[in-house]
Amino acid sequence: MQTGSCSISVIFLWLVTSAVLAKAVDNMEGNTAASKRPIRQSQSLCAGEQEYVHKRKQVVLESLRRLGINCAADSVPHIALLASGGGQRAAVGLVGSLYQMEKEDLLDTLLYLGGVSGSTWSMSSIYSDPQWSTNMDTAVSRLSGPGVELGEAFAWINERSKDEYFSLTDVWGVLTSAGIMKQMDLRHLSDEVSRNATNPYPIYSAIEKHCFSDGPIEGKWLEVSPHEAGFTELGLFIETSLLGSKFEGGELLEEKPEMDMVTLQDSMVPLCLRSEERFHLVDAGLLINVAYPPFLGDKRDIDLIVAPEYSAGNMFETLTLARDYAAEVRRAFPDINNKTLEERDWPKDCYVFEGKQNEPSIIYLPLFNRRNCKDAEEVKAKMEEFSTFQRPFSQEKIEFVLEVAKDNIKNNKETLLREINKAVLRQHNKRKSMQH
Ligand SMILES: *[C@@H]1O[C@H](CO)[C@@H](O)[C@H](O)[C@H]1NC(C)=O
C-alpha cells in the first residue's frame with residue numbers, strides 16, 4: 001500500500017528537481033528541446049483540457065437556454081462543483097447532490113467537478129459511466145442496491161485504516177478508486193480523454209506531505225485530471241497516462257503502463273527501497289478538505305463555485321483554510337464575514353460568499369443545518385451518528401444522507417439560479433474588459 005504512493009511521490013519529487021534543471025537548460029538552449037520533454041511546466045491549461053472545456057461550454061450554453069438564462073456564446077460562465085471530503089458521508093452526499101442537480105436541470109451548467117478524499121471515491125465510481133450526467137438514477141441505485149459495492153469498498157478501507165499509513169487509502173482512491181469501488185474494474189483515468197463532453201471535467205486532488213512538509217506551500221497541492229497530473233502551484237505536469245512510468249533528470253527513463261491498483265502495488269517496490277526517506281501523498285483533506293486550489297486564479301477562471309459541505313469538525317474551516325491558502329499563493333478569494341463564522345455550530349443551509357470581480361462567488365451548502373436540525377445539539381449528534389470513521393453505513397444511513405443532500409439542493413434552487421445568472425454576467429464583464 002504505502003509502496004505505491006511512495007513511488008508516485010518519488011516521481012513527483014523527480015519532477016520538481018528535474019524541472020528546475022530543465023528550466024536552466026531551456027534558458028541556455030532556447031525552447032528547441034522542450035517538446036520532447038515529458039514534463040510540461042506552465043500555468044495554463046493543457047491542450048486536452050482546453051478542447052474538452054470548449055466542447056463542454058456548448059453543453060452548458062444549451063443548459064442555460066433551457067433554464068431561460070440569457071447568455072452569449074462567448075460568455076459561458078465557468079462553474080465548478082467542489083465536493084468536500086468526509087469519508088462515506090461525503091461519498092454518499094455527493095451522489096445525492098449531483099442526483100438533485102440533474103433533477104433540477106442544473107447539472108449541465110457545471111464545467112468542472114472537483115473532489116478530495118471521500119468525494120473522490122464516489123467521483124471515480126460515477127465517472128466509470130461515460131454518460132453518468134444523464135443517468136444519476138443509476139449512480140444512486142448503485143449506492144443503494146443489493147450487494148452494495150460501496151459497502152465492500154468501505155470494509156476494505158476500514159481494514160486499511162489499521163495501517164499506520166491510513167491516509168494513503170484516500171490517495172489510493174484518488175488515483176485508482178474505480179478499482180476500489182468496483183473491485184475488478186482496473187480502468188485508467190486517462191481512458192477518459194477520448195470521451196465527449198457529456199460530463200463536467202473531473203479534477204481529483206491530493207497533497208504531498210512528507211517531501212514538502214517543511215517546504216514551500218507551492219509543492220503541496222497535486223491535481224490529477226484525465227489529461228495531466230502534477231503540482232497546481234508549481235505548474236509542473238506529466239501526462240496522466242505516464243503515472244507509473246519512471247523519470248530521471250526530467251526525462252522519461254522507462255515508459256510503463258499507466259498505474260492501476262495492481263501495478264501500483266507491485267512495480268514500485270524497488271523505487272522505494274532505493275529512497276532513504278519515505279515520501280508519500282496524503283489525503284488532501286488534511287490540508288484543506290475542499291479542492292479549492294486548482295480552481296483559484298486565472299488558469300481556470302472560475303466564476304462560481306458550488307460547494308456542498310460534508311466535512312466534519314469546525315464548520316467553515318474548509319473555507320477559512322482555503323481563504324488563507326489563497327492569500328498565501330496570491331489568488332483572489334471572496335470575503336468571509338466574521339459574523340457568519342459565529343454561526344458555525346448551527347449553520348444555515350446555504351450561504352453565498354460573493355465575489356466582486358475576479359474572485360469566484362461561493363455557494364456554501366452545509367449538510368446538517370438549521371433547516372434539518374432543530375439546534376446545535378442536533379447538528380452535533382448527526383455528525384456523530386454519521387461520523388467519518390466507522391463501519392460501512394447501513395442501507396438506512398445511506399438513504400438518509402442521500403435524502404439530506406438532495407434536499408439541500410432542492411431547497412436552494414432559487415439561490416443557485418440567481419448566482420448562475422450573476423456568473424453569466426461576471427464572465428461577460430471579464431470578456432468585455434479583456435477587449436479594452
Ligand atoms: C456523447 O455521446 C453519447 C453516446 O454516443 C451521446 O448520446 C451524447 O449525446 C453525446 N453528448 C455530447 C455532449 O456530445
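Guide: A salt bridge is a side-chain nitrogen of Lys or Arg within 4 Å of a carboxyl oxygen of Asp or Glu. This is a predicted model: local features need pLDDT of at least 70, side-chain atom pairs count only at pLDDT 80 or more, and totals for chains, interfaces and linings use all residues. Residues are numbered from 1 along each chain as its sequence is written, and side-chain values use heavy atoms, with hydrogens and water left out.

Visitor: Which residues are linked with Glu-49 in a network of salt bridges?

Guide: The structure holds 24 salt bridges. Some of them form a network that includes Glu-49. The other members are Glu-223, Lys-299 and Arg-300.

Visitor: How many residues apart are Arg-40 and Glu-228?

Guide: Their side chains meet in a salt bridge, 2.7 Å from N to O. The pair links distant parts of the chain: Arg-40 is in strand E1, residues 40–41, and Glu-228 is in strand E6, residues 228–231. Strands (E, at least two residues) and helices (H or I, at least four) are DSSP runs, numbered from the N terminus. The separation is 188 residues.

Visitor: Which class does Arg-40 belong to: buried, partly exposed or exposed?

Guide: Buried means under 20% relative accessible area, exposed means over 50%, and partly exposed lies in between, using a 1.4 Å probe and protein chains only. Glu-228 has 12%, so Glu-228 is buried. Arg-40 has 22%, so Arg-40 is partly exposed.

Visitor: Which residue does Glu-343 pair with in a salt bridge?

Guide: The closest N and O atoms of this pair are 3.9 Å apart. The partner has 37% relative accessibility, so the partner counts as partly exposed. The partner is Lys-348.

Visitor: Is Glu-342 buried or exposed?

Guide: Glu-342 meets Lys-339 in a salt bridge, at 3.9 Å from N to O. Lys-339 is exposed. Glu-342 is also exposed.

Visitor: How many residues of helix H4 are buried?

Guide: Helix H4 runs over residues 117–126 and is mostly covered. Among its buried residues are Trp-121, Met-123 and Ile-126. The count is 10 of 10.

Visitor: What is the relative accessible area of Thr-109?

Guide: Thr-109 lies in the loop between helix H3 (87–103) and strand E3 (112–116). Beyond residues up to four places away in sequence, Thr-109 touches Val-60, Ser-63, Leu-64, Leu-67, Ile-79 and Ile-420, a contact being heavy atoms within 4.5 Å. A polar atom of its side chain also lies 2.6 Å from the backbone oxygen of Leu-106. Thr-109 is buried because its relative accessible area is 0%.

Visitor: Which residues are around the ligand?

Guide: A residue is near a molecule if one of its heavy atoms lies within 4 Å of it. The shell divides into 1 nonpolar, 3 polar and no charged residues. The residues are Val-59, Gln-131, Asn-196 and Thr-198.

Visitor: How far is a polar side-chain atom of Asn-196 from an oxygen atom of the ligand?

Guide: Thr-198 has a side-chain N or O atom 3.1 Å from a nitrogen atom of the ligand. For the polar side-chain atom of Asn-196 and the ligand oxygen, the distance is 2.3 Å.

Visitor: What percentage of the protein's residues are buried?

Guide: The protein has 14 helices and 13 strands. The chain holds 436 residues. Buried residues make up 59%.

Technical notes:
Polar contact = N/O pair within 3.5 Å; in protein donor to acceptor, adjacent residues only side chain to side chain. Nonpolar A, V, L, I, M, F, W, Y, C, P; charged D, E, K, R; others polar.
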